Amino acid sequence: SATQRAVAESLFVAMNGAARALGAEIVAAERRLGADFASGTVSPAALEQQTTALGVQYGRLRAIHLGAHVELTRHLTSAQIHRYAELRGYEHAPDSDAPGGHAHGS
């Protein structure tokens with residue numbers, strides 16, 4: 001429906017904006033880590049702190065992406081949810097990595 005389309009577009013715009021902003025932070029943190037590592041002077045503690053922080057940021061990025069999918073399904077009918085899952089590749093690979101890097105088991 002037109003309402004569903006508007007919701008999907010709004011969710012995409014919000015997800016895309018949040019993901020891009022966080023992505024820029026991740027790129028900057030990766031550059032700092034790379035420079036620190038390349039200098040040969042990074043301490044084990046600093047290395048642990050930086051890689052742990054990056055892990056958290058990557059987790060947040062994944063949550064932004066998957067959260068948009070979860071929210072979208074709240075606005076779909078059962079038949080649309082089933083078709084959405086098929087189009088995302090989930091119906092054909094419940095126990096393996098689905099396209100897009102995330103599988104949803106049954």
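Here are a few questions and answers about this predicted model.

User: How many salt bridges does a search of the whole structure find?
Analyst: One joins the side chains of Glu71 and Arg74. Another joins the side chains of Glu86 and Arg83. Searching the whole structure gives a total of two.

User: Is Arg74, the partner of Glu71 in a salt bridge, buried or exposed?
Analyst: The Glu71 to Arg74 bridge spans 3.1 Å, N to O. Glu71 sits at 27% relative accessible area, so that end is partly exposed. For Arg74 the figure is 63%, and the cut-off for exposed is over 50%. That makes Arg74 exposed.

User: What separates Glu86 and Arg83 along helix H3?
Analyst: Their side chains meet in a salt bridge at 3.2 Å, N to O. Both ends are partly exposed, with Glu86 at 27% and Arg83 at 43%. The two are three residues apart in helix H3 (residues 78-88), so the separation is about one helical turn.

User: Which helix gives the largest share of the largest nonpolar core?
Analyst: That core has five residues: Leu22, Ile26, Ala29, Leu33 and Leu54. Four residues of the core come from one helix, residues 2-39, and that is helix H1.

User: Which residues does Ala29 contact, leaving aside neighbours within four places in sequence?
Analyst: Ala29 belongs to the largest nonpolar core, and Leu54 is also a member. In soluble globular proteins, nonpolar side chains tend to be buried together. With those sequence neighbours set aside, the contacts of Ala29 are Leu54 and Gln57.

Notes:
Residues are numbered from 1 along each chain as its sequence is written. This is a predicted model: local features need pLDDT of at least 70, side-chain atom pairs count only at pLDDT 80 or more; totals for chains, interfaces and linings use all residues. Side-chain values use heavy atoms; hydrogens and water are left out. A salt bridge is a side-chain nitrogen of Lys or Arg within 4 Å of a carboxyl oxygen of Asp or Glu. Buried means under 20% relative accessible area, exposed over 50%, partly exposed in between (1.4 Å probe, protein chains only). A nonpolar core is a set of buried Ala, Val, Leu, Ile, Met, Phe, Trp, Tyr and Cys residues joined through side-chain atoms within 4.5 Å. Contact means heavy atoms within 4.5 Å.
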